[in-house]
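User: Could you take a close look at one helix in this model for me, along with the loops beside it? I would like to know what buries it and what ties it to the rest of the chain.

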Amino acid sequence: MSKPNIEATGKPTPIAGCIIFLVILGMVVFLACIGWYSYHENKDAIISISELEKDVPALASTDDTSATEALDAKVDTFSNAVRSGKRAEITFTVDEMNLAIAHYPKLKGFRETLSVSQITDKSIISDICFTVRAGFDGLRYVNATMTVEPVIAMGSVFPIVSDITPDNENPVPAKYTKELPTFLFSEYRKDEALAEVYNKLSKVTLSDGKITILSDPKMPIEGAIPENVDSERDRAFALFGLLIFMLTTTVAFLLWVRKRKQKAAKQSAAE
């Protein structure tokens with residue numbers, strides 16, 4: 001019995017299968033190299049701006065109950081007015097901002113992490129100690145001074161980081177400065193318990209060492225949150241998904257080749 005001409009029938013040949021396999025393998029290796037390079041690039045950048053020891057920023061003491069009660073009264077008055085659809089304004093000093101971080105459970109994530117040191121007419125300057133992970137080498141700490149310019153975006157106060165100066169004075173990559181605000185503050189915007197008040201803000205101003213926040217229902221909510229860490233994370237997931245797809249395709253191809261060889265062996269045995 002004569003063997004069929006595989007090339008003439010248009011069915012896949014072993015050479016075509018090998019070419020497909022090599023192309024897929026090449027793409028997998030390429031993506032793996034990109035991932036390896038990105039890993040080391042980020043790891044080296046994090047090590048350069050961080051330290052092994054943490055320098056915890058100091059906050060205001062909550063032992064003075066009269067201060068915490070006054071802060072509660074101020075925040076409650078503002079919150080009730082906003083919920084009622086009225087025009088409301090609230091002002092915080094440096095000490096009140098630090099007391100709020102130390103006092104309110106919603107802000108406990110900033111304790112031992114951030115302390116406001118100064119409010120100028122253009123920005124808020126803070127001492128920070130952010131925990132970071134340098135690849136698989138364990139935890140490190142970014143001890144630095146951070147300068148932010150608060151703006152209103154989608155009804156919330158959103159901090160635009162204009163400068164981060166580590167204590168070791170090494171330069172911070174621009175992408176970290178850009179992504180940091182959303183990484184730190186996005187969860188507060190998504191918090192439903194805070195949304196009914198702090199997603200209805202209209203204006204923020206800095207003057208005389210204070211920050212003033214205005215909520216006016218007559219003012220339109222404008223502005224969009226700048227591109228943030230979510231978009232960067234989405235790109236990472238897309239790359240990871242593509243890598244998984246290529247690996248899955250490669251495995252499927254190898255299984256197909258194996259099955260085809262087994263079938264061909266059975267046909268040869270039958271002949």
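Analyst: Happy to. Buried here means under 20% relative accessible area, exposed means over 50%, and partly exposed lies in between, with a 1.4 Å probe and protein chains only. This is a predicted model, so local features need pLDDT of at least 70 and side-chain atom pairs count only at pLDDT 80 or more, while totals for chains, interfaces and linings use all residues. Residues are numbered from 1 along each chain as its sequence is written, and side-chain values use heavy atoms, with hydrogens and water left out.

The helix is α3, residues 65-83; helices (H or I, at least four residues) and strands (E, at least two) are DSSP runs, numbered from the N terminus. Its 19 residues should span 27 Å, and the end C-alpha atoms are 26 Å apart, which agrees. The expected span is 1.5 Å times one less than the number of residues.

On α3, the buried residues are T68, L71, V75, F78, S79, A81 and V82. An α-helix has 3.6 residues a turn, so residues three or four places apart point the same way. The cover over these buried residues includes β1 (88-93), α4 (94-103), α6 (192-198) and β7 (210-215).

Now for the ties. A salt bridge is a side-chain nitrogen of Lys or Arg within 4 Å of a carboxyl oxygen of Asp or Glu, and the structure holds four. In one of them, E96 and K74 meet at 2.9 Å, N to O. That pair joins helix α4, home of E96, to helix α3, home of K74, across 22 residues. Both partners are partly exposed, E96 at 21% and K74 at 28%.

Just after α3, G85 takes a positive phi of about 80 degrees. Further on, R87 forms a salt bridge with D216, with the closest N and O atoms 3.5 Å apart. Because R87 lies in the loop between α3 and β1 and D216 in the loop between β7 and α7 (229-270), the pair ties together parts 129 residues apart in sequence. R87 counts as exposed at 55%, whereas D216 is buried at 13%.

On the other side, the loop between α2 (14-49) and α3 holds S50, which is buried at 3% relative accessibility. Its side chain makes a polar contact (N or O atoms within 3.5 Å; within protein, one able to donate a hydrogen and the other to accept it, and sequence neighbours counting only if both atoms are side-chain atoms) with the side chain of R140, at 2.7 Å. The S50 side chain also reaches the backbone oxygen of I46 at 2.6 Å.

Notes: Contact means heavy atoms within 4.5 Å.
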